[in-house]
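I opened this model to look up its overall make-up, one helix pair and two single residues. My notes are below the display.

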Amino acid sequence: MRIGKLTESALKRSVLKLIKTEFKDKVSAAVGADCAFSESKRTYSAVATYAMDASDIGYYAVCKSANSLIAQGITPDHVDVSILLDEEIEEKRLKEIVRDCIEGCKAAGTVYAGGHTEVSTAVSRPVITATCVGYNEDALLGKPKAGQALVISKWVGLEGTALLAKEKKQDLISKYPASFINDAIGFKDYMTIESEAAVAIKSGVSAVHDLSNGGVFAGLWEMGERAGCGLKVDLKSIPLRQETVEICEFFEINPYQLLSGGALLFATDDGEKLVEDLRHEGIMAALIGFLQEGNRKDIINEDESRFLEMPQADEIHKILG
């Protein structure tokens, strides 16, 4: 199987189908849903896994799992972290990972409740899995529909840009000023999403999707699948920071398929109002397109149109393994 995000067909065939068959009404799991829940106790959980030997992966894993709940209006209660290490790793690296996880918990406003740590010959690099649990009687968990506008908060590719800038700084400063790369490293601070999630839910959005693995293209596909319809998106309207553009050009990777934690994708009846509401709170936002009847998922780039492909492996794997 390929590295990175599981293909949608394999996910449906070998994971979701089995879960729904065995648990039926007790568990909700679907393509494009950021978390699953138990109907009996209104308990929500979300999982994020990072498998790479890079700085801050504990932070990103915790933030990703927490963001998946926060995006739905769910307050995280605690995070459990599983850390699987290769036998060559030193203990000081473990301490760094745990400190990163704690930093992520603080950023997300939750606590590190525990988990499991193991050294194994089965892995060649750290594998961090964060499971965030939360409770809320009024969680959003809405379903988008054809005709609704698609809005993105902040910029796509922030998470992947920050990771690449930090891990490959020496390579990048051969072409760009150190200050430019340091600004990109600072994109890590954009990972928290409480403010925009609160604004969006108050504005009455139908659905929110936390962008991450596979980038905005994966998120758009999943939103369309969640809605059971197609979409039409203007590529030029998708917000990108110049640092992301430059770093992706340097490594010859696609910024639209790059880790995009910190950005949210919304489906709403009034996209212009949502953009206005978010910008009023100092949050960058852009209307990028609409969900449409049928199955066509179109990406428009000036006079050209292309079909959006099913989610691909995240571009980060080409550079950081």
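The entries run from the whole chain to the helix pair and then to the two residues.

**Whole chain**

I am working from a predicted model. I looked up the secondary structure first and found eleven helices and twelve strands in the protein chain. Next I checked burial: the chain has 321 residues, and 50% of them count as buried. For the accessible surface I got about 14800 Å², with 48% of that area belonging to carbon and sulfur atoms. I also looked at contacts between residues at least 6 apart in sequence, and 84% of these join residues at least 24 apart.

**Helix pair α4 and α6**

I noted the general scheme before looking: two packed helices are described by the angle between their axes and the distance between the axes. Helix α4 covers residues 158-167 and helix α6 covers residues 178-185. I found that their axes come within 7 Å and cross at roughly 135°. Because of that angle, I entered α4 as oblique to α6; over 145 degrees would have counted as roughly antiparallel. I then looked up the hand of the α4 and α6 crossing, which is left-handed.

Which residues of α4 and α6 meet? From α4 I listed T161, A162, A165 and K166, and from α6 I listed I181, A184 and I185. Sorted by class, the contact of α4 with α6 has five nonpolar residues, one polar and one charged.

**D298**

I located D298 in strand β11, which spans residues 297-301. Is D298 buried or exposed? I recorded D298 as buried, because its relative accessible area is 3% and the cut-off for buried is under 20%. I set aside the neighbours within four places in sequence and looked up what D298 touches. The contacts are L231, K232, V233, Q292, S305, R306 and F307. I also checked D298 against D234: they are 64 residues apart in sequence, and their C-alpha atoms are 8.6 Å apart in space.

**N295**

I found N295 in the loop between β10 (285-292) and β11. Its relative accessible area is 67%, so I entered N295 as exposed, the cut-off being over 50%. I finished with the spacing of N295 and E225, which lie 70 residues apart in sequence and 8.9 Å apart in space, C-alpha to C-alpha.

**Summary of the two residues**

I closed the entry with D298 as buried in the model and N295 as exposed.

Conventions:
Residues numbered from 1 in each chain as written. Predicted model: local features only at pLDDT ≥ 70, side-chain atom pairs only at ≥ 80, totals over all residues. Heavy atoms only, no water. Helix = DSSP H or I, 4+ residues; strand = E, 2+ residues; numbered from the N terminus. Buried < 20%, exposed > 50% of the residue type's maximum accessible area, 1.4 Å probe, protein only. Contact = heavy atoms within 4.5 Å. Areas by Shrake-Rupley, 256 points an atom, 1.4 Å probe, with all protein chains shown as cover. Axes fitted to C-alpha atoms, helices over the stretch in contact; angles between N-to-C directions. Parallel < 35°, antiparallel > 145°, perpendicular 65-115°, else oblique. Left-handed = near helix turned anticlockwise from the far one by under 90°. Nonpolar A, V, L, I, M, F, W, Y, C, P; charged D, E, K, R; others polar.
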